[in-house]
Structures are given as structure tokens and as C-alpha cells.
Amino acid sequence: MATQSQSNAITLRGSTDIVADFFVYGINSILYQRGIYAPETFTHTQKYGLTMLVTANDELKYYLNNILSDVKEWLFKMTVQKLVIVIKSLDNGEVLERWQFNVECDKTVTETSAPKMKNESEIQQEIKGVIRQITASVTFLPLIECRCSFDILVYTDKDVSAPATWSETGPALIENSQEVRLRSFSTTIHKVDTMVAYKNVADL
């Protein structure tokens, strides 16, 4: 019984780790599925009961680690509102896709609060559902036929002071976009809703 209770107890730190891990694997999945980097630059690993692909590119790993270390701190402080991955053409800078992860935080929870109760395996199943939808997105998203780059935007509360490595930028919206809402998951402390907006095929 003690072991079961332990696996059901979700602390602020534990919830932060779960969401930060999801961002790592979710971003890598998007970069792989949308062909932003060559397939041979990814390696296989096991996570959420799935075979996941993560980058082996040292420069990209360094970039993602730096960004997500800040995001993790903001998750812990309950000051992050959304994380957005913007995919744009290298030729003309046009935004082709916009992957958005909306984050809701239970701001009544603190580091010293009693743990929330939710079975961790249930959370993992919810995350698995989101990752599977990201993987399946190639069935409905337009084929990307140009060289692309990506940016990561993070929306935080107004009173957050960002490190010097971050800069203010526009929302990088897509005119006349199509939008698809994907599944969400919740740790009971953080809830993450996922959606993707993409350029209407008729506009291409």
C-alpha cells in the first residue's frame, strides 16, 4: 500500500519534471516528423512505452537543453503560459506551422504543499496519447517541401524577468490557418493542451 501511495503522490517538483520531460520528447518528435533535421541525426530511445526519436546533434541538444532549463524553472514557479514551436521556410521566412502547448497551473500549490493524488501511470498514458497524435500528424499536415528552420517561443506572466539569452518577439501567426486540437494531459498541478496550426493548402 505504501508503494502505491508513493506512485500516486504528485508534488510541484515532480509535476515540473513530468511536463519538462514531455517538452523534450514532444519537441524532438515534431522536429523528426516534420523533417526539420535529417532522419539519420536522430537516435532511438524508449519513453512512455513508445520508441521515441531524439536528436543526436550536439548543437541542437545544447540549444534545447538551454531553453528547457529556463522553461523548467518557469514551470516550477507557475509563470509559464504556453510554449510554441514555429516552423518557417528558410527561403522567405514564411511561417508554415505553429505547434502550441498551452499550460494551465494550479497556483495554489507550493513547494511545501501536500502532494496531489493521481496515478503516475495514468499521466504517462495521457502523454502517450499526445505523442501518438504528434506522430500521426503527418497524415493530415501538408507536406513540407522546402528547407525549414524552427523557433521556440515561450509566453510567461508579465512580471517574469527573462535571461539575457531571450528576446521579445512577435507571435508568428499564420494567416488563414487551419487548426487541429490534439489531446491534453494533466498532472493535477499542470495541465498541457496541444494544438497545431498550419498554412491552408489552398494558400500554398
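Here is a short conversation about the largest pocket and helix α3 in this structure.

Author: Welcome! This is a predicted model, where local features need pLDDT of at least 70, side-chain atom pairs count only at pLDDT 80 or more, and totals for chains, interfaces and linings use all residues. Residues are numbered from 1 along each chain as its sequence is written, and side-chain values use heavy atoms, leaving out hydrogens and water.

Reader: What makes the largest pocket a pocket, and what is its volume?

Author: On a 1 Å grid over the protein atoms alone, a pocket is an open set of points with protein on both sides within 12 Å along at least five of seven lines. The volume of the largest pocket, the space filled by probe spheres set on the points, is about 790 Å³. Its lining has 26 residues, each with an atom within 4 Å of a point; among those closest to the centre are Val154 and Trp166.

Reader: Which element gives the largest share of that lining?

Author: β7, with 6 residues.

Reader: How do you know that the span of α3 agrees with its number of residues?

Author: The expected span is 1.5 Å times one less than the number of residues. For the 19 residues of α3 that gives 27 Å, and the end C-alpha atoms are 27 Å apart, so the two agree.

Reader: Why is Leu64 called buried?

Author: Because buried means under 20% relative accessible area with a 1.4 Å probe, protein chains only, and Leu64 is one of the buried residues of α3, as are Leu60 and Trp74. Their cover includes α2 and β4, where contact means heavy atoms within 4.5 Å.

Methods. 1 Å grid on protein atoms, 1.4 Å probe; cavity = no way out; pocket = protein on both sides within 12 Å on 5 of 7 lines; lining within 4 Å. Helix = DSSP H or I, 4+ residues; strand = E, 2+ residues; numbered from the N terminus. Buried < 20%, exposed > 50% of the residue type's maximum accessible area, 1.4 Å probe, protein only.
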